[in-house]
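Q: Could you take a close look at one part of this protein, the open sheet, and describe how its strands are ordered, what packs on it and which side-chain pairs lie around it?

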Amino acid sequence: MIKLTPVERSALRAEAHGLKPIVLIGADGLTANVLKEISLGLDSHGLIKVRVFGDDREARIAIYETICEQLKAAPVQHIGKLLVLYRPKVETEKARSATAGKGMREVTIVKASASGTKRPSVTKVLLKGNERVTQGGNIKRAKARQKSTKKTVLG
């Protein structure tokens, strides 16, 4: 379990004020899946709120302590049915997935002169993932942008 100084705890409480609970603990209590979700939330956000449904205060305190022990998190605040937990984020390097679209890429466009006697013009252009270069050297979107049917009817 992580120990926080009162100043750190106060700063984390202030930061958590605007957060919404990302995990809800219901009638089944603290299951393995709930612990997994809380761990994922702590890994991605660092500071999270958890809402515990149930009227037994001692049970909520036991859940709070269990979460902190098992996930090595710091208890920040326990107000009513809300629990605030903190664990430093894990810095991980994300591998680019094969399904993700392409990013910006640099392309060289060579256009022949209109008369054919002058040198061709050479330009370097950055293309977005959804753009392509046509045979004539123009840039087009691979897919047409979606248009609202309401706007075309009204306007």
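A: What follows goes through the sheet strand by strand, then turns to the helices, the loops and the salt bridges, and ends with the chain as a whole.

The model is a predicted one, and the values below are computed from it. Four strands make up the open sheet, in the order β1-β2-β4-β3, and their pairing is mixed. The edge positions are taken by β1 (residues 23–25) and β3, and because each of these has a single partner strand, one side of each is left without a neighbour in the sheet. On average, neighbouring strands of this sheet are turned by 25 degrees against each other, with direction ignored.

Within this sheet, β4 pairs with β2 and with β3. Towards β2, the two strands run antiparallel and are joined by five bridges, and in this pairing K49 stands opposite V84 of β4. Towards β3, the arrangement is again antiparallel, with five bridges joining β3 to β4, and here Q77 is the residue that stands opposite V84. V84 therefore has K49 across from it on one pairing and Q77 on the other. As general background, side chains in a regular strand alternate between the two faces of the sheet.The connection between β3 and β4 is a hairpin with two residues between the strands, and G80, in the turn, has a positive phi of about 60 degrees. Another positive phi, of about 55 degrees, is found at K72, although K72 is not a glycine. In general, most residues other than glycine have a negative phi. K72 is placed in the loop between α3 and β3, and with a relative accessible area of 54% K72 is classed as exposed, because the cut-off for that class is over 50%.

Two helices can be described against this sheet. Helix α2 lies across β1, β2 and β4, and runs at about 155 degrees to β2. Helix α3 packs on the sheet as well, where it touches β1, β2, β3 and β4, and its direction makes about 160 degrees with that of β3.

The structure holds two salt bridges, and both can be placed by reference to these elements. In one of them, the side chains of D43 and R87 meet, with a distance of 2.7 Å from N to O. D43 belongs to helix α2 (residues 32–45), whereas R87 sits in the loop between β4 (82–86) and β5 (105–111), so that the pair links distant parts of the chain, 44 residues apart. The two partners fall into separate accessibility classes: R87, at 13% relative accessibility, counts as buried, while D43, at 30%, counts as partly exposed.

The other salt bridge is formed by K81 and D55, whose closest N and O atoms are 3.2 Å apart. K81 lies in the loop between β3 (74–79) and β4, and D55 lies in the loop between β2 (47–52) and α3 (57–71), so this pair ties together parts that are 26 residues apart in sequence. Here K81 is partly exposed, with a relative accessible area of 33%, and D55 is exposed, with a relative accessible area of 70%.

A further approach involves S44, which lies in helix α2 and counts as partly exposed at 43% relative accessibility. The C-alpha atoms of S44 and V90 are separated by 7.6 Å, although these residues are 46 apart along the chain.

The sheet can finally be set within the whole chain. The protein has four helices and eight strands, and along the sequence they follow the pattern α-β-α-β-α-β-β-β-β-β-β-α. Its radius of gyration is 27 Å, well over the 15 Å that the globule rule gives for 155 residues, so the protein is more spread out than a compact globule. The C-alpha trace spans about 85 × 45 × 30 Å along its principal axes. Buried residues account for 24% of the 155 residues, and the accessible surface comes to about 11,800 Å², with 53% of it belonging to carbon and sulfur atoms. Among contacts between residues at least 6 apart in sequence, 53% join residues that are at least 24 apart.

Technical notes:
Residues are numbered from 1 along each chain as its sequence is written. This is a predicted model: local features need pLDDT of at least 70, side-chain atom pairs count only at pLDDT 80 or more; totals for chains, interfaces and linings use all residues. Side-chain values use heavy atoms; hydrogens and water are left out. A salt bridge is a side-chain nitrogen of Lys or Arg within 4 Å of a carboxyl oxygen of Asp or Glu. Buried means under 20% relative accessible area, exposed over 50%, partly exposed in between (1.4 Å probe, protein chains only). Two strands pair if DSSP finds at least two bridges between them. The radius of gyration is taken over C-alpha atoms; the globule rule is 2.2 Å times the number of residues to the power 0.38. Contact means heavy atoms within 4.5 Å. Accessible areas come from the Shrake-Rupley method with a 1.4 Å probe; for residues, only the protein chains shown count as cover. Axes are lines fitted to C-alpha atoms, for helices over the stretch in contact, and angles run from 0 to 180 degrees between N-to-C directions.
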